[in-house]
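Let's take a walk through a protein model together, one piece at a time. Keep the picture handy as you read.

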Amino acid sequence: MTAILEQAFRGHWGRVLAALIGFLGDFDLAEECAQEAFAIAAARWPRDGAPANPAAWLVTTARNQAINRIRRDRTLAAKTRLLEVPEATEEDMEQATIADERLELLFTCCHPALAIEAQVALTLRTLGGLGTGEIARAFLVPEPTMAQRLVRAKRKIKAAGIPFRVPPPHLLPDRLAAVLAVIYLVFNEGYGGRSELASEAIRLGRALAELMPDEPEVHGLLALMLMHDARREARFTGGELVLLADQDRARWKQPQLREGRAALERALALHGRGPYVVQAAIASLHADEAPDWPQIAALYGELTRLTGSPVVELNRGIAVAEQHGAEAGLEIVDRLALEDFHYLHATRAELLRRLGRNTEAAAAYRRALALVHDDAERRLLERRVAELST
Amino acid sequence: MKFMLLIQQGDAPTPRDPNAWARLSADEQRAVYADYKAINETPGVTSGVQMQPPDTATTVRVQDGKTLTTDGPFVGMKEALGGYLFFEADDLDAAIELASRVPAARLGGAIEVRPIME
């Protein structure tokens, strides 16, 4: 594919597909016709030049493909209202304004009647334009399994009557939370190393912020992802994990950090106080030259209240240790029922080490090592144990 | 489109089990009756017939041409169908909203929403 087409695909696939699904009410037919439209573009654009309004051109072309198919297939014709629509001409395409139905598509893909794995796969496939093989590799499942998952999800949407719409106000808070959860899950899969997923999540986050500019949590999530991702390259040196405090700030992507902070500002201006906004505020403070630990501890307290998560409380313990000393931090950490969580033991070990209780610290590190799965994290812990005995 | 709502009583107290039913306050008992009445009167709802409890069920199988019967429901007593209704609605969201109003859903049971072939 030429650069111009690749750009068109990246920029317009989600929109083109959303418009077609809205029009056809059928995921498979919409996907096939969208693919045909991109194939026609691949043949024509390099010869004739790209149209002034590529998205409208693609939607109109795909729509014409659909109408032709339906005319050939009378059984489908009975189910749609398409045949009343005259085929659009090239001139129409230049002027056409195509309604943006990506939000409708996003809420359909993230409907709680679908399993979370299916929501994630479908969102990446339809809005992200990722191939089935790419999604399968990203989530470490065999390609046929992923293909089956997508087929099943699309079948359920159609058979079970999952609506193609932005939910009404009384359903919106819950349903928006589900959409944000899917995007954040994609991001976290990517944060663990598969960076193309993190970029895809940020792309989805940006699109959502553009489509729902008045929802603070949307900006909060975008801010959170941008700020975490800005530090990605500094998290590793030669394959070894580097903790935040030891990271080389010169390797942080400053423009992205600034964009993240701007998104956070926007969320706060909208009076956002939800979990993503609070996490973004914490990420922003963490990125400061001299982190404001009392403020960070207070925000973790707020987040504990919102989520009831002991993992958040563990993080509060770390912030309190910075503010009031290791003893105070340890007091919080020791109250937590996270016996099987390696971060709990790694945190205890670090606090015990600061208090000079090296024997207990070594035991806690060994407990963390017994629970850790990630190799880079294991090596970091092993270095810490080695430092203890020198 | 049309949906079938299958009501699983699960642990939900019903008048068929007086001991369990007595655990609900008089207000809660009245609310259960009122809610089922409101659901049956909701436009688009066709209520199902009332079924005797699952312990009165007989399960029939045919093996090698021979009819075998067992006492009780096909699934466990707790998973057995407690009732059903039909609902004509625009989409799944509407059916989920109706399902969430069925008392069994909040009292320890669950509602299975199944689209019907048309």
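Is the crossing of α14(A) and α15(A) left-handed or right-handed? The crossing of these two helices is left-handed. Before we get into how they meet, keep in mind that what you're looking at is a predicted model.

So, that pair. Helix α14 of chain A covers residues 275–286, and its axis comes within 10 Å of the axis of α15(A), with a crossing angle of roughly 160 degrees. Angles over 145 degrees count as roughly antiparallel, so that makes α14(A) roughly antiparallel to α15(A). On the α14(A) side, the residues making the contact include Val278(A), Ile282(A) and Leu285(A), while the α15(A) side brings in, among others, Ile296(A), Leu299(A) and Leu303(A). Sorted by class, the contact has 10 nonpolar residues, four polar ones and one charged one.

Now zoom out for a moment. Chain A has 20 helices and two strands. Its C-alpha atoms fill a box of roughly 80 × 40 × 40 Å, taken along the principal axes. Of the 390 residues in the chain, 39% are buried. And here's something about how the chain folds back on itself: if you take the contacts between residues at least 6 apart in sequence, 59% of them join residues at least 24 apart.

Next, follow the chain to α16(A), which runs over residues 310–324. You can do a quick check on this helix: at 1.5 Å a residue, its 15 residues should span 21 Å, and the end C-alpha atoms are 20 Å apart, so the two agree. Quite a few residues here are buried, including Val312(A), Leu314(A), Ile318(A) and Val320(A). What do the buried residues of α16(A) pack against? They pack against α15, α17 and α18 of chain A.

Just after α16(A) comes Gly325(A), with a positive phi near 105 degrees. Then look at how α16(A) and α17(A) sit together: their axes come within 6 Å and cross at roughly 165 degrees. The two helices are therefore roughly antiparallel to each other, and their crossing is right-handed. Among the residues in this contact are Leu314(A), Gly317(A) and Ala321(A) of α16(A), together with Ala328(A), Gly329(A) and Ile332(A) of α17(A). By class, eight of the contact residues are nonpolar, three are polar and two are charged.

One more pair to go. Helix α19 (residues 358–371) and helix α20 (residues 375–388) of chain A have axes 10 Å apart and pack at about 160 degrees. They are therefore roughly antiparallel to each other too, and α19(A) passes α20(A) in a left-handed crossing. Ala361(A), Tyr365(A) and Leu369(A) are among the α19(A) residues here, and they belong to a contact that includes Leu381(A), Val385(A) and Leu388(A) from α20(A). This contact has eight nonpolar residues, one polar and two charged.

While you're at α19(A), find Arg366(A), which lies in this helix. Is Arg366(A) buried or partly exposed? Arg366(A) has 13 other C-beta atoms within 10 Å, so Arg366(A) is partly exposed. Compare its position with Leu224(A): the two are 142 residues apart in sequence, and their C-alpha atoms are 32 Å apart in space.

Finally, turn to where the chains touch. The contact takes seven residues from chain A and five residues from chain B. On the chain A side, six of the residues are nonpolar, one is polar and none are charged.

Definitions and conventions: Residues numbered from 1 in each chain as written. Chains lettered and ligands numbered in written order. Predicted model: local features only at pLDDT ≥ 70, side-chain atom pairs only at ≥ 80, totals over all residues. Helix = DSSP H or I, 4+ residues; strand = E, 2+ residues; numbered from the N terminus. Expected span 1.5 Å × (residues − 1). Buried ≥ 20, exposed ≤ 12 C-beta atoms within 10 Å, placed from the backbone. Contact = placed C-beta atoms within 7 Å. Axes fitted to C-alpha atoms, helices over the stretch in contact; angles between N-to-C directions. Parallel < 35°, antiparallel > 145°, perpendicular 65-115°, else oblique. Left-handed = near helix turned anticlockwise from the far one by under 90°. Nonpolar A, V, L, I, M, F, W, Y, C, P; charged D, E, K, R; others polar.
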